[in-house]
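Please look over the sequence and the model below. The report after them covers fold, packing and a few individual residues.

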2 protein chains.
Amino acid sequence: MPNENEPAAFAFHGLQRVFHERSRLSILSSLAAHPAGLAFNDLKQLCDLTDGNLSRQIQMLQEELLVDVNKGYHGKRPQTVCKLTDDGRARFLAYLGELERVIRTAAKSQDVPARIVQTRPTA
Amino acid sequence: MPNENEPAAFAFHGLQRVFHERSRLSILSSLAAHPAGLAFNDLKQLCDLTDGNLSRQIQMLQEELLVDVNKGYHGKRPQTVCKLTDDGRARFLAYLGELERVIRTAAKSQDVPARIVQTRPTA
């Protein structure tokens, strides 16, 4: 029986679609792990996405102010570099926190080993 | 720059859509945490879903052999009880493992605190 104090304990409303959709989750994780930014072609390879799909997703992430895109040059070659915005990083971290909660919540079953231990910095 | 040994290190192909979509993730997490199963109305409340949406998602999960549905009675009232199948539990655990990997991978950045420590049982 559900806990009456948490009527919608498994609703996970924090899993917003802009972060949760798999290809965008790939892109944002790649960029979070590369604070200096990533060239479009490296991002394409890391996320295993097509040019078209990556372009569409990057455009959506730009419109949401999560990602900055700079068109410049690498030597004489034109190069597009994508980077998380500060706000994008903060919001993506909040999303990851919700993902952690999903795993901990699902692990509450006796059958599911609680493999995740959270170690928050003392702050 | 990406690690050449892992060309698609952030592709997360294990995040299959049947598990990853938010409402199905809610349903499966609820059922994983309640091994004896949950009545349709309790599940609806825990996941904050409408009758129609929950019915559609449950039907899809049944077709994927992830969830069993039993129509019975609670006293004199008809009651529908949903339960993870053994295969559903195993496959959902594998999906959760991939989610853990997403969090650890995203936390590799110096800016992102590695808040997750994995404690696997010695087996």
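What follows is a short account of this predicted model.

**Overall make-up of chain A**

Chain A holds five helices and four strands. Read from the N terminus, its elements follow the order α-α-β-α-α-β-β-α-β. The chain has 123 residues, and 47% of them are buried. Take the contacts in chain A with a separation of 6 or more: residues 24 or more positions apart account for 52% of them.

**The nonpolar core**

In soluble globular proteins, nonpolar side chains tend to be buried together. In this model the largest nonpolar core has 64 residues. Residues of both chains A and B are named among those with the most contacts inside it: Ile27(A), Leu43(A) and Phe92(A), with Ile27(B), Leu43(B) and Phe92(B).

What does Phe92(A) touch, leaving aside its neighbours within four places in sequence? In its own chain, Phe92(A) is in contact with Phe19(A), Leu25(A), Leu28(A), Ser29(A) and Ala32(A). In the other chain, Phe92(A) meets Ala106(B).

**Helices α2 and α5 of chain B**

Two packed helices are described by the angle between their axes and the distance between the axes. In chain B, helix α2 spans residues 22-32 and helix α5 spans residues 86-106. Their axes come within 11 Å and cross at roughly 115°. The crossing of α2(B) with α5(B) is left-handed.

Which residues make this contact? From α2(B) come Leu25(B), Leu28(B), Ser29(B), Leu31(B) and Ala32(B). From α5(B) come Arg89(B), Phe92(B) and Tyr95(B). By type, the residues of this contact are six nonpolar, one polar and one charged.

**Val102(B), further along α5(B)**

Val102(B) also sits in helix α5 of chain B. Val102(B) is buried because its relative accessible area is 0%, under the 20% limit. Beyond its neighbours within four places in sequence, Val102(B) contacts Leu25(A), Ser29(A) and Leu99(A) in chain A. In chain B, Val102(B) contacts Phe12(B) and Leu15(B).

**The segment before α1**

Ala9(A) and Ala11(A) both deserve a look. Ala9(A) is in the segment before α1 of chain A, and so is Ala11(A). Is Ala11(A) buried or exposed? Ala11(A) is buried, at 3% relative accessible area. Ala9(A) also counts as buried, at 15% relative accessibility.

Leaving aside neighbours within four places in sequence, the contacts of Ala11(A) are with Arg22(B), Ser26(B), Leu46(B), Cys47(B) and Asp48(B). On the same terms, Ala9(A) is in contact with Arg101(A) and Leu46(B). Leu46(B) thus appears in the contacts of Ala11(A) and in those of Ala9(A).

Sequence separation and C-alpha distance can be set side by side for three pairs.

| Pair | Separation in sequence | C-alpha distance |
|---|---|---|
| Ala11(A) and Ala39(A) | 28 residues | 36 Å |
| Ala9(A) and Thr105(A) | 96 residues | 8.6 Å |
| Val102(B) and Glu6(B) | 96 residues | 15 Å |

**Two positive phi angles**

Most residues other than glycine have a negative phi, and most peptide bonds are trans. Leu65(A) has a positive phi, near 60°. Leu65(A) lies in the loop between α4 (51-63) and β2 (67-74) of chain A. Leu65(A) is exposed, with a relative accessible area of 59%.

Phe12(B) also has a positive phi, near 50°. Phe12(B) belongs to the segment before α1 (17-20) of chain B. Phe12(B) is buried, at 1% relative accessibility. One of its contacts was named above: Val102(B).

**Cysteines**

How many disulfides does a search of the whole structure find? The search finds zero over all chains. For Cys82(A), the nearest cysteine sulfur is that of Cys47(A), 9.8 Å away. A disulfide needs the two sulfur atoms within 2.5 Å, so Cys82(A) is in none. Cys82(A) is buried, with a relative accessible area of 0%.

In chain B, Cys47(B) is in no disulfide either. Its nearest cysteine sulfur belongs to Cys82(B), at 9.8 Å. Cys47(B) counts as buried, at 3% relative accessibility. Cys47(B) is also among the contacts of Ala11(A).

How values were computed:
Residues are numbered from 1 along each chain as its sequence is written. Chains are lettered from A and ligands numbered from 1 in the order in which they are written. This is a predicted model: local features need pLDDT of at least 70, side-chain atom pairs count only at pLDDT 80 or more; totals for chains, interfaces and linings use all residues. Side-chain values use heavy atoms; hydrogens and water are left out. Buried means under 20% relative accessible area, exposed over 50%, partly exposed in between (1.4 Å probe, protein chains only). Axes are lines fitted to C-alpha atoms, for helices over the stretch in contact, and angles run from 0 to 180 degrees between N-to-C directions. A crossing is left-handed if the near helix is turned anticlockwise from the far one by less than a right angle, and right-handed if clockwise. Contact means heavy atoms within 4.5 Å. Ala, Val, Leu, Ile, Met, Phe, Trp, Tyr, Cys and Pro count as nonpolar, Asp, Glu, Lys and Arg as charged, and the others, Gly among them, as polar. A nonpolar core is a set of buried Ala, Val, Leu, Ile, Met, Phe, Trp, Tyr and Cys residues joined through side-chain atoms within 4.5 Å.
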